Amino acid sequence: MTGPVTTTAPSGARAALHRLRAEVAKAVVGQDAVVTGLVIALLCRGHVLLEGVPGVAKTLLVRTLAAALDLDAKRVQFTPDLMPGDVTGSLIFDQRTAAFTFREGPVFTNLLLADEINRTPPKTQSALLEVMEERQVSVEGERRPLPDPFIVAATQNPVEYEGTYPLPEAQLDRFLLKLTVPLPEREEELGVLRAHHAGFDPRDLRAAGVRPVAGAADLAAARAEVQRVHVAEPVLGYIVDLCRGTRSAPALELGASPRGATALLNTAKAWSWLAGRDHVTPDDVKAVARPTLRHRLRPRPEAELEGVTVDAVLDSVLATVPTPR
């Protein structure tokens, strides 16, 4: 997935979000596609699973995006001994008042970076599941809503599985997108080295020149505009046919659910809006199909042994399902 090409003069909200790329590029080199995916997640009120080897600036990317949007961001390093209360918050007994008070956990933020989410046990993963789905924390029967906007950007290492707890399909399905954070090209990596040689400190984004270029009001206006993007009946049918095509793919034992179809509709609308259109085209659907659906599919064991990848199956489905005119 690469960034959409704007076809018309941008609205105020759209122009503000487009400025994000230039601002994030001050600190993060060569990750335009991932930035676009995170913006789509914010527009759709969805969550993102970032997959990439250590050292490709996943943490820096989320922190820089939050700074450019003037949003609060917090990071949690997921470990095997992390408890649910360490994420959501817990009741603390106050000896001065002889009463329990709630101490908010790191989920009470706008952008939560859940680092190495698959390193924590299922009990803690399930606590995060309610947060992601309900956007609230329930403690002793009392519901505490999270700020708006709120998204989880979770990371996992694709090459190290020892000591991890694979995310169950029910939780994977709660992520709107799964984005692959690639290693930089040679020139991009040279740019990283030049910046560090010149004194760039990833812990000091203000010194790097990163400033807020958009805010929560721009995001709210953008979401309202995305909702008004038109989707014709043939395109709705195309989305359904793509998802149904994954369910009958011989190499898969689990295809995309109706939730996946809904997610594909929403991400296609956001992509189309970012490109300056007021309607979704089949090409918009194709552009976001892989990051929207890849984590919702599970290949058969025999297909995995033969080296078949989920992205390859998606490519086949996209090639065989008739595209509406």
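This dialogue explains how to read helix packing and aromatic pairs in a predicted model.

Reader: At what angle do helix H2 and helix H10 pack?

Author: Helix H2 covers residues 32-44 and helix H10 covers residues 258-274; they pack at an angle of about 115°, and their axes are 9 Å apart.

Reader: How should such an angle between H2 and H10 be described in words?

Author: The general idea is that angles of 65 to 115 degrees count as roughly perpendicular. H2 and H10 are therefore roughly perpendicular to each other. The crossing in which H2 passes H10 is right-handed.

Reader: Which residues of H2 and H10 meet?

Author: On the H2 side they are Thr36, Val39, Ile40, Leu43 and Cys44, and these meet Asn266, Thr267, Ala270, Trp271, Trp273 and Leu274 of H10. Sorted by class, the contact of H2 with H10 has 8 nonpolar and 3 polar residues, with no charged residues.

Reader: How do the axes of helix H1 and helix H8 cross?

Author: Helix H1 (residues 12-24) and helix H8 (residues 216-227) have axes that come within 8 Å and cross at roughly 120°. An angle that is neither 65 to 115 degrees, nor under 35, nor over 145 counts as oblique. That makes H1 oblique to H8. Their crossing is left-handed.

Reader: Which residues make the contact of H1 and H8?

Author: H1 contributes Ala13, Arg14, Ala16 and Leu17, while H8 contributes Asp218, Leu219, Ala221, Ala222 and Glu225. By class, the contact of H1 with H8 has 6 nonpolar and 3 charged residues, and no polar ones.

Reader: I should now like to turn to aromatic rings. How many aromatic pairs are there?

Author: Rings pair if their centres lie within 6.5 Å. By this rule the count comes to 2 aromatic pairs. In one of them, the rings of Phe93 and Phe100 have centres 5.2 Å apart and planes at 65°. Planes over 60 degrees apart count as edge-to-face, so the pair of Phe93 and Phe100 is edge-to-face.

Reader: What is the arrangement of the rings of Phe102 and Phe108?

Author: Their centres are 5.9 Å apart and their planes lie at 70°, so this pair is edge-to-face.

Reader: Are Phe102 and Phe108 buried or exposed?

Author: The general idea is that a residue under 20% relative accessible area is buried, and one over 50% is exposed. Phe102, at 18% relative accessibility, counts as buried, and Phe108, at 8%, counts as buried.

Reader: What do Phe93 and Phe100 count as, by relative accessibility?

Author: Phe93, at 44% relative accessibility, counts as partly exposed, whereas Phe100, at 58%, counts as exposed.

Terms used
Residues are numbered from 1 along each chain as its sequence is written. This is a predicted model: local features need pLDDT of at least 70, side-chain atom pairs count only at pLDDT 80 or more; totals for chains, interfaces and linings use all residues. Side-chain values use heavy atoms; hydrogens and water are left out. Axes are lines fitted to C-alpha atoms, for helices over the stretch in contact, and angles run from 0 to 180 degrees between N-to-C directions. Helices (H or I, at least four residues) and strands (E, at least two) are DSSP runs, numbered from the N terminus. A crossing is left-handed if the near helix is turned anticlockwise from the far one by less than a right angle, and right-handed if clockwise. Contact means heavy atoms within 4.5 Å. Ala, Val, Leu, Ile, Met, Phe, Trp, Tyr, Cys and Pro count as nonpolar, Asp, Glu, Lys and Arg as charged, and the others, Gly among them, as polar. Rings of Phe, Tyr and Trp (its six-membered ring) pair if their centres lie within 6.5 Å; planes under 30 degrees apart count as stacked, over 60 as edge-to-face and the rest as tilted. Buried means under 20% relative accessible area, exposed over 50%, partly exposed in between (1.4 Å probe, protein chains only).
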